[in-house]
Amino acid sequence: MSDPIPNKPEPSTPPPTEGITDAPKSPAPTSGTDRITATPPAPAAAKPAATAKPADGEPTRRNALVAFVLSPMAVAWTTFTASMAAMTLGTIRFLVPNVLDEKPSRIKVGLPQSYEEGQVTDRYKDQNTWVVRHDGMIYALSTTCTHLGCTPNWLEREQKFKCPCHGSGFYITGINFEGPAPRPLERWGISIGDDGQLVVDKSKKFQQERGEWTNPESFINT
Ligand code: FES
């Protein structure tokens, strides 16, 4: 009997070498045929389109609008339109009587007995009216200076109206006596209403130089 043939030892896997890493494997060379038949890479997902910026010097819509607004023709057209609008408004304002923002022409100024002899009432000065009781009469004077239209002041101590603009002076009667005013102050119409109150009517005007102060509508006898 011969000895059995010993089994060939199995080739063993060499143990890994510590500290040594495998060199990266080079990609397998691609043959020319492979390059032709290779599937092309999938297209990348479409990126959102970036906002197109105009090239330098390229007019945008906004630039075109600004250029138009600033153009002489646009300025001229705007001016013309504004002028026409102003003319139209002026015409409407002229044709339609304004009854809302104007002060009324007739104002009640209280009972006659509420006025003392020699008294000038400034209470209605903002309505272009002085109410005066003097020499047995009550009358209403306009506060408009007959020189150039300023508003005089009543000076109680000096018993006169004095215009601050050019120095015209008027007696308590309204008669001018100093300064450049060429004529007396004007009187408004005055009457007694149903309720016994004095009513000044600024739609009626009486001028002394025309002899109108004798008109009974220009004063109240007291
Ligand atoms: S406006 Fe009154 S004096 Fe000239």
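## Helix H3 and its nonpolar patch

Let's start with Met 84, which sits in helix H3, spanning residues 72–95. This is a predicted model. With a relative accessible area of 39%, Met 84 counts as partly exposed, because that label covers values between 20% and 50%.

Met 84 also helps to build a nonpolar surface patch of about 480 Å². Its partners in that patch are Trp 77, Phe 80 and Met 87.

## The nonpolar cores

Moving inside, the largest nonpolar core has 15 residues. Those that touch the most other members are Val 120, Trp 130, Val 132, Tyr 139, Leu 141 and Phe 161. Two elements give two or more residues to this core: strand S3 (129–134) and strand S4 (137–142). S4 gives the most, with 3 residues.

Phe 161 is a good place to look around. Leaving aside residues up to four places away in sequence, Phe 161 touches Val 120, Trp 130 and Leu 141, and its other contacts include Pro 152, Trp 154, Phe 170, Tyr 171, Ile 172 and Leu 185. A second, separate core holds 12 residues, among them Tyr 115, Tyr 124, Trp 188 and Val 200.

## The loop around Glu 217

Glu 217 belongs to the loop that runs between strand S10 (198–206) and strand S11 (220–221). Its relative accessibility is 36%, so Glu 217 counts as partly exposed.

Beyond residues up to four places away in sequence, Glu 217 touches Trp 188, Gly 189, Ile 190, Lys 204 and Phe 206. Trp 188, you may recall, is one of the residues of the second core. Glu 217 and Arg 187 are 30 residues apart in sequence, while their C-alpha atoms are 9.8 Å apart in space.

Definitions and conventions
Residues are numbered from 1 along each chain as its sequence is written. This is a predicted model: local features need pLDDT of at least 70, side-chain atom pairs count only at pLDDT 80 or more; totals for chains, interfaces and linings use all residues. Side-chain values use heavy atoms; hydrogens and water are left out. Helices (H or I, at least four residues) and strands (E, at least two) are DSSP runs, numbered from the N terminus. Buried means under 20% relative accessible area, exposed over 50%, partly exposed in between (1.4 Å probe, protein chains only). Contact means heavy atoms within 4.5 Å. Patches are made of residues with over 30% relative accessible area and no salt bridge: like charges are joined within 9 Å, nonpolar side chains (Val, Leu, Ile, Met, Phe, Trp, Tyr) within 5 Å. Accessible areas come from the Shrake-Rupley method with a 1.4 Å probe; for residues, only the protein chains shown count as cover. A salt bridge is a side-chain nitrogen of Lys or Arg within 4 Å of a carboxyl oxygen of Asp or Glu. A nonpolar core is a set of buried Ala, Val, Leu, Ile, Met, Phe, Trp, Tyr and Cys residues joined through side-chain atoms within 4.5 Å.
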